Amino acid sequence: MDQHTTQPMAPEHRRRVGMRIIKTVVAVFLCGLLAFLRDKSALYSMFAALFCVQKSAGKTIESSINRVLGTLVGGVVGVPTVYAMDTLGILHIDLLRYLLLSLLLIPVIELCLVMKKPDIAGMACMVVMCLVVDPGDKPAVYSIERLFETSVGVLLACGIDVLLPHQPLPQDTPDKGEDKA
């Protein structure tokens, strides 16, 4: 018969909720609270807060700027693309629209590289895809709302990251005379 003993986990193997997690949770909640008060959807501001909080305030600010720039580039490319596809009568020919959208990602990524901002390419492509795949009735309004909601999320993420401390929470250390049984 196999006999298993349970050993307490060494302190270095215990997981603690760190400040980055706490900051992320607070920023996401505040996005939700603000959206609730405005009677709007919190989804995009929550996404922005979730992805922007980083391990340092400097990295959070850099990530936030990239997120807003990527959203802006995606909107600037995506909105005219939707209107052009609609004018050409191909907006609702799904397979052709998906092919053109896929090809459009090449110049979007190249534009980000020319801007010397490769980190915004993913966000820019995502916004273009959102606009082209599901254009809705008013893609320009959607794009502006998306930029606003993203800005709300990044501002809250930056604010929380700067206001809350960066040092990790103190670790619990067991007393040396403590019985482990």
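Before we start: a helix axis here is a line fitted to C-alpha atoms over the stretch in contact, and the angle between two axes runs from 0 to 180 degrees between N-to-C directions. Keep in mind that this is a predicted model.

**Exercise 1. Work out how helix H3 and helix H6 are oriented relative to each other.**

Step 1. Find the two helices: H3 covers residues 57-87 and H6 covers residues 139-163.

Step 2. Look at their axes, which come within 9 Å and cross at roughly 180°.

Step 3. Angles over 145 degrees count as roughly antiparallel, so H3 is roughly antiparallel to H6.

Step 4. Now see who meets whom. On the H3 side, the residues include Ala 57, Ser 64, Thr 71 and Tyr 83, while the H6 side includes Pro 139, Arg 146, Val 154 and Val 162. Sorted by type, the residues of this contact give 14 nonpolar, 7 polar and 3 charged.

**Exercise 2. Check whether the length of H3 agrees with its residue count.**

Step 1. H3 has 31 residues, and the expected span is 45 Å at 1.5 Å a residue.

Step 2. The end C-alpha atoms of H3 are 45 Å apart, so the two values agree.

Step 3. Peek just past the end of H3: Gly 89 takes a positive phi of about 75° there.

**Exercise 3. Decide whether Glu 149 and Ser 151 are buried or partly exposed.**

Step 1. Place them: Glu 149 is in helix H6, and so is Ser 151.

Step 2. Glu 149 has 9% relative accessibility. Buried means under 20%, so Glu 149 counts as buried.

Step 3. Ser 151 has a relative accessible area of 22%, so call Ser 151 partly exposed.

Step 4. Add some neighbours. Leaving out residues up to four places away in sequence, Glu 149 touches Arg 38, Ser 41, Tyr 44 and Ser 45. As for Ser 151, its C-alpha atom is 10.0 Å from that of Leu 69, although the two residues are 82 apart along the chain.

**Exercise 4. Describe the largest nonpolar core and find which element gives the largest share of it.**

Step 1. This core has 21 residues, and Val 108, Cys 112, Val 128 and Val 132 touch the most other members.

Step 2. The elements that give two or more residues are H3, helix H4 (94-114) and helix H5 (121-133). The largest share, 8 residues, comes from H5.

Step 3. Zoom in on Val 108: not counting residues up to four places away in sequence, Val 108 touches Val 77, Ala 124, Cys 125 and Val 128.

Step 4. Don't forget that another core lies apart from this one, with 9 residues, among them Ala 27, Cys 31, Cys 52 and Ile 160.

How values were computed. Residues are numbered from 1 along each chain as its sequence is written. This is a predicted model: local features need pLDDT of at least 70, side-chain atom pairs count only at pLDDT 80 or more; totals for chains, interfaces and linings use all residues. Side-chain values use heavy atoms; hydrogens and water are left out. Helices (H or I, at least four residues) and strands (E, at least two) are DSSP runs, numbered from the N terminus. Angles under 35 degrees count as roughly parallel, over 145 as roughly antiparallel, 65 to 115 as roughly perpendicular and the rest as oblique. Contact means heavy atoms within 4.5 Å. Ala, Val, Leu, Ile, Met, Phe, Trp, Tyr, Cys and Pro count as nonpolar, Asp, Glu, Lys and Arg as charged, and the others, Gly among them, as polar. Buried means under 20% relative accessible area, exposed over 50%, partly exposed in between (1.4 Å probe, protein chains only). The expected span of a helix is 1.5 Å times one less than its number of residues. A nonpolar core is a set of buried Ala, Val, Leu, Ile, Met, Phe, Trp, Tyr and Cys residues joined through side-chain atoms within 4.5 Å.
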